[in-house]
Amino acid sequence: MESNGKSVTENEEKVDYQTGYIVWGRAGTDGQHSFYQLLHQGTKLIPADFIGFKNSHNKIGDHHKKLMANFFAQTEALAFGTDNKEPYRHFDGNRPTNTILAPHLSPKILGQLIAMYEHSVFVSGVIWNIDSFDQWGVELGKTLAKKVLDAL
């Protein structure tokens, strides 16, 4: 698996730009109450991908319809914000998101999503002129873990 976040280019020059991004998230509306506020009004601009599925595997009343309404509404709010005289209710908008909508979750679609993110890591590495396939920080951690294991 590729990995970015390097501080040296392929030409062994120190970089002065960000060479990686953090992939994290949460299913459904749980994310709204844990980190969406950071996306809406945080001081760091954080691009976000929203992945939704048209059809649910768990049809419970109108639950899926409500989840999908929130899915689209959050990306709209991030894109366009709202003007409000109360500073804590003002949202600038213009927060970048991708809205990915698939027909349903299946092994094939999950594989396509994984391939898309893997490819984006590789392409980003090419653009940043870094080696997405070396993992020297991970190797250092493994070497140190052997010493810690012996001490334990």
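# Notebook: Leu-78, cores, rings and salt bridges

I started at Leu-78, which is buried at a relative accessible area of 2%; for me buried means under 20%, exposed over 50%, and partly exposed in between, with a 1.4 Å probe and protein chains only. Before going on, a note to self: this is a predicted model, where local features need pLDDT of at least 70 and side-chain atom pairs count only at pLDDT 80 or more, while totals for chains, interfaces and linings use all residues. Residues are numbered from 1 along each chain as its sequence is written, and side-chain values use heavy atoms, with hydrogens and water left out.

**Around Leu-78**

I placed Leu-78 in helix H2, residues 63-80. Helices (H or I, at least four residues) and strands (E, at least two) are DSSP runs, numbered from the N terminus. What does Leu-78 touch, not counting residues up to four places away in sequence? I listed Leu-39, His-40, Phe-50, Gly-93, Asn-94, Arg-95 and Thr-97, taking contact as heavy atoms within 4.5 Å. I also checked the C-alpha atoms of Leu-78 and Gly-93: they are separated by 5.0 Å, with these positions 15 residues apart along the chain.

**Cores**

Next I looked up the nonpolar cores, meaning sets of buried Ala, Val, Leu, Ile, Met, Phe, Trp, Tyr and Cys residues joined through side-chain atoms within 4.5 Å. Leu-78 belongs to the largest one, which has nine residues in all, including Phe-35, Tyr-36, Ile-46 and Met-68. Which elements give two or more residues to this core? I found helix H1 (36-41), strand E1 (48-53) and H2. H2 gives the most, with three residues. Apart from this core lies another, of five residues, among them Ile-100, Ala-102, Ile-109 and Leu-113.

Ala-48 is also in the largest core, and I pulled its contacts too. Leaving aside neighbours within four places in sequence, Ala-48 is in contact with Leu-39, Pro-96, Thr-97 and Asn-98.

**Rings**

I then went through the aromatic pairs. Rings of Phe, Tyr and Trp (its six-membered ring) pair if their centres lie within 6.5 Å; planes under 30 degrees apart count as stacked, over 60 as edge-to-face and the rest as tilted. The count comes to seven aromatic pairs. One that I opened up is Phe-122 with Phe-133: the centres are 6.3 Å apart and the planes at 50 degrees, so the pair is tilted. This pair links distant parts of the chain, with Phe-122 in helix H3 (residues 107-128) and Phe-133 in the loop between H3 and helix H4 (136-151), eleven residues apart. Elsewhere, ring pairs link Trp-24, Phe-35, Tyr-36, Phe-50, Phe-71 and Phe-72 into a cluster.

**A surface patch**

Are Phe-122 and Phe-133 buried or exposed? Phe-122 is partly exposed at 35% relative accessibility, and Phe-133 is exposed at 53%. I found both in a nonpolar surface patch with Val-123, Val-126 and Ile-127, with about 490 Å² of accessible area together. Patches are made of residues with over 30% relative accessible area and no salt bridge, like charges being joined within 9 Å and nonpolar side chains (Val, Leu, Ile, Met, Phe, Trp, Tyr) within 5 Å. The areas come from the Shrake-Rupley method with a 1.4 Å probe, and for residues only the protein chains shown count as cover. Val-123, in helix H3, is partly exposed at 31% relative accessibility.

**Salt bridges**

How many salt bridges does the structure hold? I got five, a salt bridge being a side-chain nitrogen of Lys or Arg within 4 Å of a carboxyl oxygen of Asp or Glu. Lys-6 bridges to Asp-134, the closest N and O atoms being 3.4 Å apart. The partners are 128 residues apart, Lys-6 in the segment before H1 and Asp-134 in the loop between H3 and H4. Lys-6 is buried, with a relative accessible area of 15%. Asp-30 pairs with Arg-26 at 3.1 Å between the closest N and O atoms, and Asp-30 is partly exposed at 44% relative accessibility. For Lys-142 and Glu-139 the closest N and O atoms are 3.9 Å apart; being three residues apart in helix H4, the two are separated by about one helical turn.

**Positive phi**

Last, I checked the backbone. Most residues other than glycine have a negative phi. Glu-12 has a positive phi of about 65 degrees and is exposed, with a relative accessible area of 72%. Asn-129, in the loop between H3 and H4, has a positive phi near 60 degrees.
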